[in-house]
Amino acid sequence: LRAYTDLPAFLLEEGPVGMTINLVPSLADQLEDFAEGRVIDRHFRLCQALSLGHDEAMRDAFALHAAPAPRPMRPLPYLDELRAKNAAHAAPTLAEAIDSCVLFHLSWVGFTAFQEPEVQALFKKGRGYGRDELTTLLELSRRFAAGVLPRLREAQEQGAVHLTATPYYHP
């Protein structure tokens with residue numbers, strides 16, 4: 001929910017800027033596969049398991065999402081608390097595992113996704129998320145992924161960007 005959504009939004013808002021973007025076909029495929037639900041990464045898979053009531057994913061989800069990470073886009077103090085608990089190898093509660101999933105994904109939200117009312121409500125809440133809120137965030141991730149390529153196409157049609165493509169199979 002960060003750079004891939006923010007760049008097309010910037011291009012559409014600013015108009016012609018003369019930027020060239022090389023669109024790598026494997027990335028385009030990954031975005032489409034993720035948006036359509038054909039492929040998910042381990043972060044999404046563990047969060048989805050929790051949102052669907054598979055509580056056996058609790059420890060793995062917490063360990064992954066409350067692990068030390070590079071500096072996120074937005075600081076979230078409760079996520080720092082959860083990371084400290086994870087670093088101490090303390091067992092999480094189900095609520096902490098769900099919170100770690102939501103907060104991890106929120107910590108990487110870019111400017112475009114932050115404008116969504118659902119995202120703002122999740123930021124404001126700060127902790128104590130339910131499975132339904134986690135599901136909402138996961139669905140939002142897919143929706144934004146599905147919009148990346150159409151928005152880049154729209155930016156190209158408006159003359160805001162020049163798109164090039166790398167051959168799918170290249171050395």
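Biologist: Let me start with one residue: what does Val-17 count as at 38% relative accessibility?

Modeller: The scale has three classes: buried is under 20% relative accessible area, exposed is over 50%, and partly exposed is in between, using a 1.4 Å probe and protein chains only. Val-17 has 38% relative accessibility, so it counts as partly exposed. Keep in mind that this is a predicted model, where local features need pLDDT of at least 70, side-chain atom pairs count only at pLDDT 80 or more, and totals for chains, interfaces and linings use all residues. Residues are numbered from 1 along each chain as its sequence is written, and side-chain values use heavy atoms, with hydrogens and water left out.

Biologist: Where is Val-17 found?

Modeller: Look at the loop between α1 (3-14) and β1 (19-23). Helices (H or I, at least four residues) and strands (E, at least two) are DSSP runs, numbered from the N terminus. The protein has 9 helices and 2 strands, and from the N terminus on they run α-β-α-α-α-α-α-α-α-α-β.

Biologist: Which residues form a nonpolar patch with Val-17?

Modeller: Leu-7 and Phe-10 join Val-17 there, and together the three have about 220 Å² of accessible area. For the whole protein, the accessible surface comes to about 9500 Å², with 56% of that belonging to carbon and sulfur atoms. These areas come from the Shrake-Rupley method with a 1.4 Å probe; for residues, only the protein chains shown count as cover. A patch takes residues with over 30% relative accessible area and no salt bridge, joining nonpolar side chains (Val, Leu, Ile, Met, Phe, Trp, Tyr) within 5 Å and like charges within 9 Å.

Biologist: And how do I read a salt bridge?

Modeller: Side chains of opposite charge can pair when their charged atoms come close. The cut-off is a side-chain nitrogen of Lys or Arg within 4 Å of a carboxyl oxygen of Asp or Glu. A search of the whole structure finds 7 of them. In one, Arg-127 pairs with Glu-81, with the closest N and O atoms 3.4 Å apart. That pair links distant parts of the chain: Arg-127 is in the loop between α8 (117-125) and α9 (131-157), while Glu-81 is in helix α5 (residues 77-87), 46 residues apart.

Biologist: Which partner does Lys-85 meet in a salt bridge?

Modeller: That's Glu-96, at 2.6 Å, N to O. The pair joins helix α5, home of Lys-85, to helix α6 (residues 94-107), home of Glu-96, with their positions 11 residues apart in the numbering. Lys-85 is partly exposed at 23% relative accessibility, whereas Glu-96 is buried at 13%. Elsewhere, salt bridges with shared partners join Asp-33, Glu-36 and Arg-38 into one network. Within it, the side chains of Arg-38 and Asp-33 meet at 2.8 Å, N to O.

Biologist: Now Thr-112: what does its side chain make a polar contact with?

Modeller: The side chain of Asp-6, at 2.7 Å. A polar contact is a pair of N or O atoms within 3.5 Å; within protein, one must be able to donate a hydrogen and the other to accept it, and residues adjacent in sequence count only if both atoms are side-chain atoms. Thr-112 lies in helix α7 (residues 111-114) and is buried, because its relative accessibility is 13%.

Biologist: How many disulfides are there?

Modeller: A disulfide is a pair of cysteine sulfur atoms within 2.5 Å, and by this rule the count comes to 0. Cys-47 is buried at 0% relative accessibility, and Cys-101 is buried at 0% as well.
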